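Reader: Hey, got a minute to walk me through this fold? I'd like to start with the sheets and then poke at a side chain or two.

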Amino acid sequence: MSRSRVERLISAFTDDGDKTFFEPADFPWIAEIEAGTSEIRAELDALLVHRDQIPNFQEISADQARLTEGDQWKTFFLYGYGHRIDANCARCPRTTELLGRIPNMKTAMFSILAPRKHIAEHRGVYKGILRYHLGLVIPEPNGQCRIRVGSDVRSWAMGKSLVFDDSHPHEVWNDSDEHRAVLFVDFVRPLPFPLSLLNRFVVWQISTTPFVKSAVQAARENRPVAEY
């Protein structure tokens, strides 16, 4: 069954199929992740000492070149669609341990936006995945760093979570003079049976595509990859 058809089934047969943002309280594991914010932040801070060596997103996924350039958006991958980046996980053991508490976690990274960076409107790969952000470095005052998903806008806060469906058109702003960083996680969307089985199959299909495999290899080697 095609990815687009499963997306239509999710919209038609679930109560939250077209929701943009979700309540963090609906995901019991979030409380434990938020409780570990200081430990996650400490591991991020150790990486940021050498921020210039963290890959730019377009060096991992050339498709991102339409959204970013230069060193405006840096990403430190821990997992990519279920593929573990062993060397990076070894540098962030506590973060990696906490990621293991997230049911059906597929992708995880630190996402670091430069000052005055705007990520233009785009949409994610697939509705059967939800996105989670934990605020780690959030410039003040509140509202300078924000995300629009569909017609809804939210701001990040230190140690607080956002959950959203990135298959809606969305864009991001860092209007501050400082860097913004979040823990960025994709996990399989909880769905009723048998739709859950179809969803898992589509997620598996995506994980086997040359695009994903090349991006994972680039994250392991910290080198640019060809565009697909």
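Author: Sure, here is a tour of the sheets, followed by one histidine. Keep in mind that this is a predicted model.

Reader: Cool. What's the strand order in the seven-strand sheet?

Author: The order is β1-β9-β6-β11-β4-β2-β3, in an open sheet with antiparallel pairing. The edges are β1 (21–22) and β3 (83–84); each has a single partner strand, so one side of each is left without a neighbour in the sheet.

Reader: And β4, is that one buried or exposed?

Author: Eight of the nine residues of β4 (residues 105–113) are buried, so the strand is largely enclosed by the rest of the structure.

Reader: How many bridges does β4 make with β2 and with β11?

Author: With β2 (residues 73–80) there are six bridges, antiparallel, and Trp73 has Leu113 of β4 as its bridge partner. With β11 (residues 180–188) there are eight, again antiparallel. In that pairing Ile112 stands opposite Ala181.

Reader: What about β6 and β11, how many bridges there?

Author: Eight bridges join β6 (residues 129–137) to β11, and the two run antiparallel. One pair to click on is Gly135 with its bridge partner Val182 in β11.

Reader: Which strands does helix α3 lie across?

Author: Helix α3 (residues 37–48) lies across β2, β4, β6 and β11, and runs at about 75 degrees to β6.

Reader: Switching topic: what's the order in the four-strand sheet?

Author: That one is β5-β10-β7-β8, an open sheet with antiparallel pairing. Its edge strands are β5 (118–122) and β8 (152–155), each pairing on one side only. On average, neighbouring strands in this sheet are turned by 15 degrees against each other, ignoring direction.

Reader: Where does Arg146 find its bridge partner?

Author: In β8, where the partner is Ser155. Four bridges make up the antiparallel pairing of β7 (residues 145–149) with β8.

Reader: Now the histidine. Which strand is His170 in?

Author: His170 is found in β10 (residues 170–174).

Reader: Why do you class His170 as buried?

Author: Because its relative accessible area is 3%, and the cut-off for buried is under 20%.

Reader: So which backbone oxygens lie by polar atoms of the His170 side chain?

Author: The backbone oxygen of His168 lies 2.9 Å from a polar atom of that side chain, and the one of Asp166 lies 3.3 Å from a polar atom of it.

Reader: And what does His170 touch farther along the chain, leaving aside neighbours within four places?

Author: Its contacts there are Ala120, Glu121, His122, Arg123, Gly124, Arg131, Arg148 and Val149.

Technical notes: Residues are numbered from 1 along each chain as its sequence is written. This is a predicted model: local features need pLDDT of at least 70, side-chain atom pairs count only at pLDDT 80 or more; totals for chains, interfaces and linings use all residues. Side-chain values use heavy atoms; hydrogens and water are left out. Two strands pair if DSSP finds at least two bridges between them. Axes are lines fitted to C-alpha atoms, for helices over the stretch in contact, and angles run from 0 to 180 degrees between N-to-C directions. Buried means under 20% relative accessible area, exposed over 50%, partly exposed in between (1.4 Å probe, protein chains only). A polar contact is a pair of N or O atoms within 3.5 Å; within protein, one must be able to donate a hydrogen and the other to accept it, and residues adjacent in sequence count only if both atoms are side-chain atoms. Contact means heavy atoms within 4.5 Å.
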